[in-house]
Amino acid sequence: MLTSVVHVCLAGLSTGMFIWLVASGLTLIFGVLGVLNFAHGSFYMLGAYFCYTLLRVMGNNFWLGLLLGPLCVCVVGYLIERYFLRYVYHLALPYQLLLTFAFVLIFDDLVKIVWGPGSIGSPSVAGLAGSVPILGRNFPVYNIFIMVVGPLVALGMWAMLERTWWGRIIRASSSDREMASAIGVKVPALFTAVFVFGTWLGAVGGGLAAPYVGLLTPGMGESIIIDAFVVVVIGGLGSLKGAFLGALIIGLLSSFGTRYIPTFDMFLTFILMAAVLLWKPEGFFGEAK
Amino acid sequence: MRKAFVITLCILSLAGLILLGLYGTRFALYLATRIMILSIFAMGYNILFGKTGLLSFGHGAFYAVGAYGMALFSLHINPHPLACIVAGLCLAFIFSLIIGFFCVRHTEIYFAMLTLAFGMMVFSLIWNLRDITGGDDGLVGISRAPIELGLFSIPIAKANQFYFLVVFFFVLSIAVIYVINNSPFGLVLSGIRENDRRIEFAGLPLRKFRLAAFVISGVFAGLAGSLSALLESNTDPFSAHWSHSAEPILVSLIGGIQTFTGPLIGSVIFVWLREIIERFTQNWMLWFGLILLLIIMGFRGGVVGVLSRIHRIILGSDTQSQRIA
Amino acid sequence: MEEKGFTRRDFMKAGLLTAAASALGPGVLRPTGLWAGTSKIKGPIKVGYQAIMSGALAGYGEFHKMGVIMAAEEINASGGIAGAKLEVQFRDSTLKKPQAIKNARYFVDSWGADFLAGVDSSGQALALAPVIAELDKVIIITHAATEKLTEQQVYKKGIRQIFRISSPTYQDGNAAAFVAKDLPAKSWATISPKYEYGYTCWRMFKNTLSILKPGASFIAESWAPFGTTDFRPHINTILDAKPDGLYSTEWAGELITFVKQAKQAGLFDKIKHVMFPVGAAMDVLEGLGKEMPDNIWISGRYFFLYPDNNQNREWVARFKKRWNHYPAYVSETGYSAMFAIKKAVEEAGSKETRKVINAMEGMMLDSPAGYRIFRKEDHQAIYDVPWGLTKTDPRYPFKIMGKQILVPAKDCFNRPPFEGPGTKPPF
């Protein structure tokens with residue numbers, strides 16, 4: 001009984017941290033740029049594929065792949081922001097959503113063309129491959145690694161936003177674009193930087209996800225993006241703290257739900273999402289905008 | 001003079017539809033039927049989206065509810081097509097009323113996310129209530145029984161016969177939506193998009209108007225769904241998925257968002273374009289994405305916007321088309 | 001008002017263009033010259049083939065295409081079908097039903113297909129049934145496994161145009177039970193897909209095994225939704241139940257993910273008898289490579305090392321040479337579907353639907369997977385696919401079937417009339 005509960009808990013926590021890694025960039029981009037980026041799932045997918053290719057090229061060095069792969073995706077993110085997204089900030093919500101949606105379609109097919117339509121098995125990471133027994137049941141080391149990385153990313157982002165000059169500028173620009181540009185902040189360049197950073201987070205999420213899921217497939221971003229959306233929404237759109245907590249809640253809910261409620265389904269997570277939107281749309285921490 | 005012109009064109013269009021029904025090939029009829037069903041879905045959707053500016057990601061659910069309501073009535077109670085369609089509409093009405101009641105409390109992205117959540121709940125229900133909905137297999141074997149009208153009955157089993165039933169609902173929908181748009185109610189809705197504060201100051205119950213627009217568009221989605229169930233003789237759980245809810249948005253965008261004919265023309269282009277793309281490549285997503293990109297970056301008014309711009313250049317300035325472009 | 005009239009006219013134009021394009025389609029694409037005149041049968045034999053070619057399962061479409069293209073090349077190199085050229089066109093089925101219907105209608109009504117083939121999803125196959133009846137062309141299903149297609153649509157409703165060349169859910173559910181009855185496992189559990197395919201197979205497995213081995217118990221079920229990337233909660237459910245055996249109809253990418261995660265959790269150490277009815281698919285075996293544990297029971301719709309005869313060995317060698325790949329089961333079913341069409345048309349001496357159906361009913365086809373017989377009543381191809389235990393072999397970079405058990409199709413496939421005593425195994 002104890003083994004069961006502990007392991008269900010651990011599975012939930014690792015799932016939650018995994019979703020958080022993807023949702024972090026999504027919520028940052030929304031918080032600052034006000035754009036809900038469908039293509040974030042594509043960055044996740046591209047991150048996974050680039051990391052995989054570089055890892056293969058560099059003699060199976062996972063860390064080198066993880067370092068360089070997301071940088072390639074950052075170039076893609078830069079081009080998208082600089083030459084497309086920038087021109088729709090002032091437009092209504094549907095244009096922004098559909099623009100990013102168009103990129104989802106394009107990247108899904110491009111990945112299929114470049115890397116082939118079949119799924120690719122992802123190699124496990126040297127040094128993090130095995131499992132450790134916890135209360136008589138094995139738990140993968142890699143999941144423990146994800147459970148450490150998740151909070152570190154959260155802490156890093158928090159420190160950057162709250163404790164650095166850059167963070168203050170970003171926060172200032174997201175709450176009042178005109179005022180920020182009036183005091184000399186180059187808002188367009190700042191937005192590009194934030195978007196590229198968000199892209200990087202999504203791509204790192206993808207690079208880390210490949211060994212976690214064990215597999216790369218064209219269209220792999222679509223299954224994660226809705227989970228990430230839910231997390232971003234229940235955390236209060238644009239709130240990092242909220243998204244972190246939201247990811248933990250969704251992770252635990254799906255783990256406990258799957259284990260203890262036989263009829264469990266995504267239905268419950270969407271009820272939770274609707275309930276939060278109705279009663280506390282600003283999220284758990286009430287960072288109303 | 002202009003009015004006469006418009007009326008003439010309407011009559012010509014109708015004549016064209018009838019001629020197509022009489023002489024078109026089976027595949028042309030099938031595509032035309034799908035275009036009309038998508039048009040009904042998109043034009044209804046545009047009452048909410050184009051008029052009040054609310055972006056819903058959940059209208060696929062009402063499409064599906066219409067289809068399943070129609071199919072369940074047909075399979076278990078009575079296969080009379082009109083009765084089944086009415087059953088589908090009633091179910092879509094109930095669902096859109098309940099879901100709309102919650103959703104119209106918000107606007108903008110919060111509204112979009114709320115509709116996404118409710119839409120996915122419906123999707124999940126359809127997927128899991130297997131005894132009722134058939135799960136992922138959907139409901140199959142929906143028959144196109146003849147329409148019994150007391151003294152005589154109209155067969156709709158064949159493609160060209162069914163085509164005319166859809167033409168009937170298509171024309172009816174256009175007429176109803178036209179009347180709604182030009183009624184005082186429609187004018188209030190347009191006012192909501194332009195300035196919702198002003199509507200509130202005028203003492204009008206903003207939420208009720210939004211809800212009404214939501215329900216009307218939901219019922220049209222249900223009509224499209226029930227017609228599609230008859231067309232394909234099955235129901236598809238994926239029609240409730242959010243990706244299907246994005247279709248009327250795409251269609252409106254291609255045609256032109258804030259125009260009456262935009263969704264209609266958008267539907268023609270959407271179906272036709274995809275058919276053409278699929279003829280020369282299996283990577284249709286790539287091409288479709290590129291075209292979408294082009295429209296958003298270059299032709300934001302959609303086809304109707306571009307056309308009216310050209311029109312304006314040819315005919316000189318025209319206040320009405322300026323408003324639309 | 002002006003611009004509305006203008007656009008209405010354009011709508012009409014677009015509509016007429018659509019009509020014109022679809023009317024012109026067949027005319028433009030109709031081949032002339034060499035093949036048109038010389039054949040005994042008029043014109044080329046056109047096959048419209050649809051499979052999933054986008055998204056997570058796009059690899060399946062690629063494998064379908066490999067088999068079909070190779071078949072078309074071989075058939076055309078040796079004189080075509082009764083002297084007529086075989087032409088194949090492919091379309092992405094996207095797994096959505098309206099798309100499958102549109103594809104079928106396009107193939108027949110616009111392109112002028114004589115035959116249809118392909119289809120991966122069971123829901124799509126069922127949705128296509130009435131459309132096939134209306135279009136009145138023979139379709140050969142090469143992947144979709146639902147038994148409802150042949151039992152209800154063909155046998156009960158009499159839609160005779162539908163044939164299936166791949167093995168149905170009987171192979172996944174019933175045959176598995178025959179293998180499981182001899183294993184020293186009493187309690188069974190499942191992690192399977194949360195849709196009809198998963199439910200049906202588990203129900204068949206339970207029903208058949210309960211009869212074959214009255215003491216068997218079924219103690220836990222965990223249903224994973226389509227697109228699951230995290231199986232750990234499901235694995236916990238199974239480990240808590242402590243069954244002797246695990247049965248799972250997860251397939252394709254999700255099976256790869258599941259096996260990797262189950263291995264990390266030590267599931268294969270704790271549960272000794274594990275059965276994957278579609279584990280012998282090449283995408284799974286290659287995707288897992290050495291990570292697939294040994295001594296797992298796997299099966300599929302065809303496995304490239306069975307039957308161990310010259311014909312199959314030569315075919316696999318040709319396939320490997322052509323594509324630098326081992327054939328997946330959908331490659332074999334796609335390939336054989338083309339040869340089934342060839343044989344049926346040549347026997348019928350015509351490509352007319354009625355005559356072809358009559359020729360195909362009860363037809364025996366010699367194929368890489370062995371002899372297939374299209375059962376007269378339900379048009380299901382009866383052929384044997386083995387169950388086998390995974391083992392390491394230095395000749396291959398992936399696990400293959402070692403010890404094999406063959407449950408003959410005639411013993412484990414449901415029999416017409418499909419209702420009442422004596423229609424379900426054991427017989």
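In this predicted model, chain B is built from 15 helices and 2 strands. Its 325 residues would give a compact globule a radius of gyration near 20 Å, and the 20 Å found for chain B agrees with that. Taken along the principal axes, the C-alpha atoms of chain B fill a box of roughly 55 × 50 × 45 Å. Of the 325 residues in chain B, 57% are buried. Contacts in chain B between residues at least 6 apart in sequence join residues at least 24 apart in 73% of cases.

One residue of chain B gives a closer view of its interior. B:Leu114 lies in helix α5 of chain B, which covers residues 108-128. B:Leu114 counts as buried because it has 26 C-beta neighbours inside 10 Å, where 20 or more are needed for that class. Leaving aside residues up to four places away in sequence, B:Leu114 touches B:Phe102, B:Cys103 and B:His106 as well as A:Ala274 and A:Leu277 of chain A. B:Val104 is 10 residues from B:Leu114 in sequence, and the two C-alpha atoms are 9.1 Å apart in space.

Chain A can be described in the same terms. Its secondary structure consists of 11 helices and 4 strands. The radius of gyration of chain A is 19 Å, close to the 19 Å that the globule rule gives for 289 residues, so chain A is as compact as a globular protein of that length. The C-alpha trace of chain A spans about 60 × 50 × 35 Å along its principal axes. Buried residues account for 58% of the 289 residues of chain A. Among contacts in chain A between residues at least 6 apart in sequence, 76% link residues at least 24 apart.

Chain A also meets chain C, in a contact that takes 28 residues from chain A and 32 residues from chain C. On the side of chain C that touches chain A, the elements giving two or more residues are α3 (58-77), α9 (232-241), α10 (252-264) and α12 of chain C. The largest share of this side, 7 residues, is supplied by α9(C). By residue class, the side of chain C that touches chain A holds 9 nonpolar, 17 polar and 6 charged residues.

Chain C itself is divided into two parts: domain 1 comprises 36-167 + 313-382, and domain 2 comprises 170-300 + 386-412. The centres of domain 1 of chain C and domain 2 of chain C, taken over C-alpha atoms, are separated by 29 Å. Their contact draws 12 residues from domain 1 and 14 residues from domain 2 of chain C. The side of domain 1 of chain C that touches domain 2 is made up of 7 nonpolar, 4 polar and 1 charged residues.

A run of paired strands in chain C can be followed from β8 onwards. Strand β8 (residues 245-247) of chain C pairs with strand β9 (residues 273-276) of chain C in the parallel sense, over 3 bridges. Within this pairing, C:Tyr247 has C:Met275 of β9(C) as its bridge partner. C:Met275 also stands opposite C:Trp297 in β10(C). That second pairing is parallel too, with 2 bridges joining β9(C) to strand β10 (residues 297-298) of chain C. Helix α12 (residues 282-288) of chain C completes a right-handed β-α-β unit with β9(C) and β10(C), and α12 is also among the elements on the side of chain C that touches chain A.

Beyond β10(C) the pairing becomes antiparallel: β10(C) is joined by 2 bridges to strand β14 (residues 387-391) of chain C. Here C:Ile298 stands opposite C:Gly388 in β14(C). C:Gly388 in turn has C:Gln404 of β15(C) as its bridge partner. Strand β14(C) and strand β15 (residues 400-405) of chain C run antiparallel and are joined by 4 bridges.

Another sheet in chain C is open and has 3 strands, in the order β11-β12-β13, with antiparallel pairing. Its edge strands, each pairing on one side only, are β11 (364-367) and β13 (381-382) of chain C. Strand β11(C) is joined to strand β12 (residues 370-374) of chain C by 4 bridges, and these two strands run antiparallel. In this pair, C:Ser367 is bridged to C:Gly370 in β12(C).

Terms used. Residues numbered from 1 in each chain as written. Chains lettered and ligands numbered in written order. Predicted model: local features only at pLDDT ≥ 70, side-chain atom pairs only at ≥ 80, totals over all residues. Pairing = 2+ DSSP bridges. Right-handed = clockwise from strand over helix to strand, strands pointing away. Contact = placed C-beta atoms within 7 Å. Nonpolar A, V, L, I, M, F, W, Y, C, P; charged D, E, K, R; others polar. Domains from an automatic or database assignment. Rg over C-alpha atoms; globule rule 2.2 N^0.38 Å. Buried ≥ 20, exposed ≤ 12 C-beta atoms within 10 Å, placed from the backbone.
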